[in-house]
Amino acid sequence: MSEVLDKIKSRRSIRKYRSDMIPQDKLEKIIEAGTYAATGMGKQSPIILAVTNKELRDQFSEENRKIMGAPVGMDPFYGAPVILVVLANKAVPTHVYDGSLVMGNLMNAAESLGV
């Protein structure tokens, strides 16, 4: 348990990522961790999409930049080669909380794997 708490306490926001792709086995472990997040009423509505195609990833980045109102050329994903998109069913009352818990698991798993 101490190791888990140490990882949670030491995780920080990142503003630049390496351009090399995450090894497939690590990516799968990170996604698996997301699937074990608690959800309200046991609905398990969130799904995780791994966007590894550079062109599609860049399209997501550009649309996100526009929504944020950020300057042209700014990358909201800070150069990350893969993005994980968490979607949850809006019909489930706890969808925002459920998706947030999934994202927490993803970040903690990535940190523990050195990603």
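This note sets out numbered points on the salt bridges, the nonpolar core and a surface patch of a predicted model.

1. Overall count of salt bridges. The model contains 5 salt bridges. The points that follow take up several of the residues involved, beginning with helix H3, which spans residues 54-68.

2. Asp 58 and Lys 54. A salt bridge links Asp 58 to Lys 54, with 2.9 Å between the closest N and O atoms. Both residues belong to helix H3 and stand 4 residues apart, which corresponds to about one turn of the helix. The two partners may be read against their accessibility. Lys 54 has a relative accessible area of 52% and is exposed, because the exposed class begins over 50%. Asp 58, at 30% relative accessibility, is partly exposed.

3. Asp 58 and Arg 57. Asp 58 also meets the side chain of Arg 57 in a salt bridge, at 3.2 Å from N to O. Arg 57 is buried, with a relative accessibility of 5%. Asp 58 therefore pairs with a buried residue here, and with the exposed Lys 54 in the bridge described above.

4. Arg 65 and Glu 62. Which residue does the side chain of Arg 65 meet in a salt bridge? The partner is Glu 62, at 2.7 Å from N to O. The two residues are 3 residues apart in helix H3, so about one helical turn separates them. Glu 62 is partly exposed at 31% relative accessibility, whereas Arg 65 is buried at 8%.

5. The shared network. Beyond individual pairs, salt bridges with shared partners join Lys 54, Arg 57, Asp 58 and Asp 75 into one network. Asp 58 is the partner in the bridges to Lys 54 and to Arg 57.

6. Surroundings of Arg 65. Is Arg 65, a residue of helix H3, buried or exposed? Arg 65 counts as buried, because its relative accessibility of 8% falls under the 20% limit. With neighbours within four places in sequence left aside, the contacts of Arg 65 are Ala 70, Pro 71, Val 72, Gly 73, Met 74 and Pro 76.

7. The nonpolar core. The largest nonpolar core comprises 8 residues, namely Ile 30, Ala 37, Ile 48, Val 86, Val 102, Leu 106, Ala 109 and Ala 110. Helix H4, residues 95-112, supplies the largest share of this core, with 4 residues. For Ala 110, one of the core residues, the contacts outside the four-place sequence window are Ile 30 and Val 115. Ile 30 is itself listed in the core.

8. The nonpolar surface patch. Which residues form a nonpolar patch on the surface? They are Ile 47, Leu 49 and Leu 87, which together have about 240 Å² of accessible area. Leu 87 is located in strand E2, residues 83-87, and is partly exposed with a relative accessible area of 38%.

9. Surroundings of Leu 87. Leaving aside neighbours within four places in sequence, Leu 87 is in contact with Ser 45, Pro 46, Ile 47 and Leu 49. Among these contacts, Ile 47 and Leu 49 are also members of the patch. As a further point of orientation, Leu 87 and Glu 3 are 84 residues apart in sequence, and their C-alpha atoms are 29 Å apart in space.

Notes. Residues numbered from 1 in each chain as written. Predicted model: local features only at pLDDT ≥ 70, side-chain atom pairs only at ≥ 80, totals over all residues. Heavy atoms only, no water. Salt bridge = Lys/Arg side-chain N within 4 Å of Asp/Glu carboxyl O. Buried < 20%, exposed > 50% of the residue type's maximum accessible area, 1.4 Å probe, protein only. Contact = heavy atoms within 4.5 Å. Core = buried A, V, L, I, M, F, W, Y, C linked by side-chain atoms within 4.5 Å. Patch = residues over 30% accessible without salt bridge, like charges linked within 9 Å, V, L, I, M, F, W, Y side chains within 5 Å. Areas by Shrake-Rupley, 256 points an atom, 1.4 Å probe, with all protein chains shown as cover.
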